[in-house]
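Here's a quick tour of a two-part question: how a helix sits in its surroundings, and how the chains meet. Have a look at the model first.

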Amino acid sequence: MNTARLGHPNLGCGVGLRSVHFNYLLDSHPQVDWLEIISENFMDSRGRARHVLDQLAERYPIVMHGVSLSIGSIEPLDFEYLRKLKQLANEIGALWISDHLCWTGVNGLNTHDLLPVPLNDESLDHIVERIRVVQDFLERPLVLENPSTYVAFAASTFSEWDFISRMAIEADCGLLLDVNNVYVSSVNHDFDPVQYIESLPHERIVQFHLAGHTNYGTHLIDTHDGQVIEAVWELYRLAHQLTGGAATLLEWDAKIPDFPILHAEALKARDYVGAPTGSSSNREPEVIEPEAFAISTPIHFMMSGGQ
Amino acid sequence: MSEQLRDLETIEHWMQAVITNPAGIAGGLASETARQYVDISTDEIEKVVTRSGSLSAAARLAIYGHAYFARLQECLRVEFPILLHALGDELFILFALEYLKNYPSRSYTLNRLGENFPRYLAESRPDAGAPLGERESWPDFIVDLATLERAFAEVFDGPGSEGLSLADRDALLNIPIAELLCARLAPASCLRLLTFRYPVSQYFDAARKKENPDLPQPANTYVAMSRRDYVVRINELTQTQYELLSALTTGSTLGQFATGQPDQQPFVATARDWLGDWADKGFFQKLSEPEAVEPESTRMLSF
């Protein structure tokens, strides 16, 4: 495949659409390059959330990002879910649909977490086949994100970057490279994040994610609750160089600031395009005491807002 | 079984059983469900999950185990803020944990996580087995409040009447009385009629205004919940209003309902005003074509 980003445009610097910012976006019409929605928050909505989305979709490019596809699960694919996903994408003109390389539950249960799969041939074959089925159903390429993970399996035989590379090529799908997730997982699994990013099929990277995380000393948790640290920005610089650039999105889902602060953090990505020019003050966050547990994938990432 | 032979299905079933066990990772490992797939002790976890340079395999699994309950409890706190206010943090978390054990999420969306919470609270009340007359009343308040909050969430995000033609007051009041008595009023799709054993809508309003309301005294209350312009409204009703609205929204006519009232003519005059008010509030989608006047109804009402 020769087409960068599967032919998708580099949308620039976007932010995740969260309900706390609905009114600001509707009233102020800030100059934002694009918005990413959590698909599940709008698939069934016939209330204000959907009403707001319909208005914003007329003004901003929209990308859909899901959390319940469960592409790695041994459960059968949920075609009613896929039907709703496709319908929403068509109705709002979503530019692409992404989800995560993960599973969310078995036996009909949804843990609402992005759980890791063992990285081996069996998982690869299973996931590649399911991606193909999903892509045929959606009639568009799927874009899959590398999740932050906290366990690894004895049954794994691939590195994560090898697994993801083979998955993307064999299934002919796109990649959403979450640079913060690479960093978080590199600390949690003792691997080199630079090697990870250098090893991916860069032409398949459609989008980047950036976010803050929480440092527990012994491990990191992907909490989406603060600024992006300098090490992640530098990985982003590398990824940008290797890919030639792709749509970049900042996720901020806990302790969500006012929109201008959020947007300003997203726009910092423009400072990390090209060669380094100086140092930043965003070091690794302070170590949090173990009893102050944070939750990975915070709920504002997954829930639509109330009245 | 060697770790190489542990397939994806085995690992996913085992991991889910371990991390969703409320007794923690050790309890999850020892559970019958987990052992059905991988029968190992805490000391043997590394046969399935590897350790990192800083954390044991058990500690790494515990990150997911902790997050499972913490995340879903937090979702329930967001969906039921007034119930949380009424119960207090500690008691709410206890109920939420037990609810999640009994009604784990089976939906792709967290917006449905709390749909069975009122039912669970009713099922799990401490005096559930006692005869109705011997039950304590405070659990009724808890169940009613949870029911109200869940209905509020469903009306907020469910289908509404925005963009649709609604019956307006003038159109409705201009209908000749004989036709109005026979009219079939289609309810707005967002209209919910609810009955409670406690005045929970008043408590709900006060708590939302941060007025720190006391636990109210029991009192049968009736509520119509609806939505206009994407804002949910809670309207208190009298028992008769509730019964009339219930009848109208299930296909009866005003004429049919009025036959059960002791003073039919003044009742119809009053009910006509109610219909006008309810039309203003967007309770009715549209007026169906008037049916032929039923002579019997007309005769009974002596118009």
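In this predicted model, 9 of the 12 residues of helix H1 of chain B are buried, so H1(B) is largely enclosed by the rest of the structure. The buried set is Leu8(B), Ile11(B), Glu12(B), Trp14(B), Met15(B), Gln16(B), Ala17(B), Val18(B) and Ile19(B). What do they pack against? Their partners come from both chains: helix H5 of chain A, plus the three helices H2, H3 and H4 of chain B.

| Helix packed against H1(B) | Residues |
|---|---|
| H5(A) | 121-138 |
| H2(B) | 24-30 |
| H3(B) | 32-37 |
| H4(B) | 57-79 |

The geometry of H1(B), residues 8-19, checks out too: at 1.5 Å a residue, its 12 residues should span 16 Å, and the end C-alpha atoms are 16 Å apart, so the two agree.

Now for the contact between the chains. Chain B puts in 52 residues and chain A 48 residues. On the chain B side, H1, H4, helix H8 (138-157) and strand S4 (231-237) each supply at least two residues. H4(B) gives the largest share, 13 residues. By type, that side of chain B splits into 24 nonpolar, 15 polar and 13 charged residues.

Over in chain A, 8 strands form a closed barrel with parallel pairing, in the order S1-S2-S3-S4-S5-S6-S7-S10. Ignoring direction, neighbouring strands there are turned by 30° against each other on average. Take one pair: S6(A) (residues 174-178) and S7(A) (residues 205-211) run parallel and are joined by 4 bridges, with Leu177(A) opposite Phe208(A). Helix H9(A) (residues 230-243) lies across S6(A) and S7(A), at about 170° to S7(A).

Methods
Residues are numbered from 1 along each chain as its sequence is written. Chains are lettered from A and ligands numbered from 1 in the order in which they are written. This is a predicted model: local features need pLDDT of at least 70, side-chain atom pairs count only at pLDDT 80 or more; totals for chains, interfaces and linings use all residues. Two strands pair if DSSP finds at least two bridges between them. Axes are lines fitted to C-alpha atoms, for helices over the stretch in contact, and angles run from 0 to 180 degrees between N-to-C directions. Two residues are in contact if their C-beta atoms, placed from the backbone, lie within 7 Å. The expected span of a helix is 1.5 Å times one less than its number of residues. A residue is buried if 20 or more other C-beta atoms lie within 10 Å of its own, exposed if 12 or fewer, and partly exposed in between; C-beta atoms are placed from the backbone. Ala, Val, Leu, Ile, Met, Phe, Trp, Tyr, Cys and Pro count as nonpolar, Asp, Glu, Lys and Arg as charged, and the others, Gly among them, as polar.
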